[in-house]
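Biologist: Let's go through the strand pairing and the core. I want the criterion behind each term.

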Amino acid sequence: AAVEGAIRQFFNGMHASDSLMIRKVTFPETTLQSVMLTADGNGQVRSTKFNDFVKQIGTPVAGRKIEERISQYTIHVDGPLATAWTPYTFWVNDAFSHCGVNTFTLVKSPSGWKIWSIMDTRRKGDCLN
């Protein structure tokens, strides 16, 4: 439940454009990557600087509402290490944008579970949820 809670807080912060809420459940070294499908059917990894992502999320845009809807949480824990697999759909102003799966790696810190890395897929169709 605590692992899921950290992930939920991350998304609540994203939806509220609250960078402080996001930073409370992430490390300064947190990484953010997306795996895109190339024209030849292979995966290509694109990295985003996490601080840039947090600054972008923490700057509200008038008239823009973003929402990432998680359909389920599959969580595995071994001591201070946890992983989570979360299929999602992403919505902008209540209109479908894209879907995919997030994978989270979390580490238990003195202040609780924190996200070490996030990797996702993104596609327009063939959604899992």
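Biologist: Which residue in E6 does Trp91 stand opposite?

Modeller: Phe96 in E6 stands opposite Trp91. This is a predicted model, where local features need pLDDT of at least 70, side-chain atom pairs count only at pLDDT 80 or more, and totals for chains, interfaces and linings use all residues. Residues are numbered from 1 along each chain as its sequence is written, and side-chain values use heavy atoms, without hydrogens and water.

Biologist: What makes E5 and E6 a pair?

Modeller: Two strands (E, DSSP runs of at least two residues) pair if DSSP finds at least two bridges between them. Twelve bridges join E5 to E6, so they pair. They run antiparallel. Two residues lie between them in the hairpin. Asn93, in that turn, has a positive phi of about 50 degrees.

Biologist: How do you know that E6 and E7 pair?

Modeller: Eight bridges, antiparallel. The criterion of at least two is met, so they pair. Thr103 has Met119 in E7 as its bridge partner. A hairpin of two residues joins E6 to E7.

Biologist: Why is the largest set called a nonpolar core?

Modeller: Because its members are buried Ala, Val, Leu, Ile, Met, Phe, Trp, Tyr and Cys residues joined through side-chain atoms within 4.5 Å. Buried means under 20% relative accessible area with a 1.4 Å probe, protein chains only. This core has 24 residues. Those with the most contacts inside it include Phe10, Phe53 and Leu106. Helix H1 (2–15) gives two or more residues; H1 gives the most, with six.

Biologist: What does Leu106 touch?

Modeller: Contact means heavy atoms within 4.5 Å. Not counting residues up to four places away in sequence, Leu106 touches ten residues' worth of neighbours, among them Val3, Ile7, Leu81 and Trp113.

Terms used. Buried < 20%, exposed > 50% of the residue type's maximum accessible area, 1.4 Å probe, protein only. Helix = DSSP H or I, 4+ residues; strand = E, 2+ residues; numbered from the N terminus.
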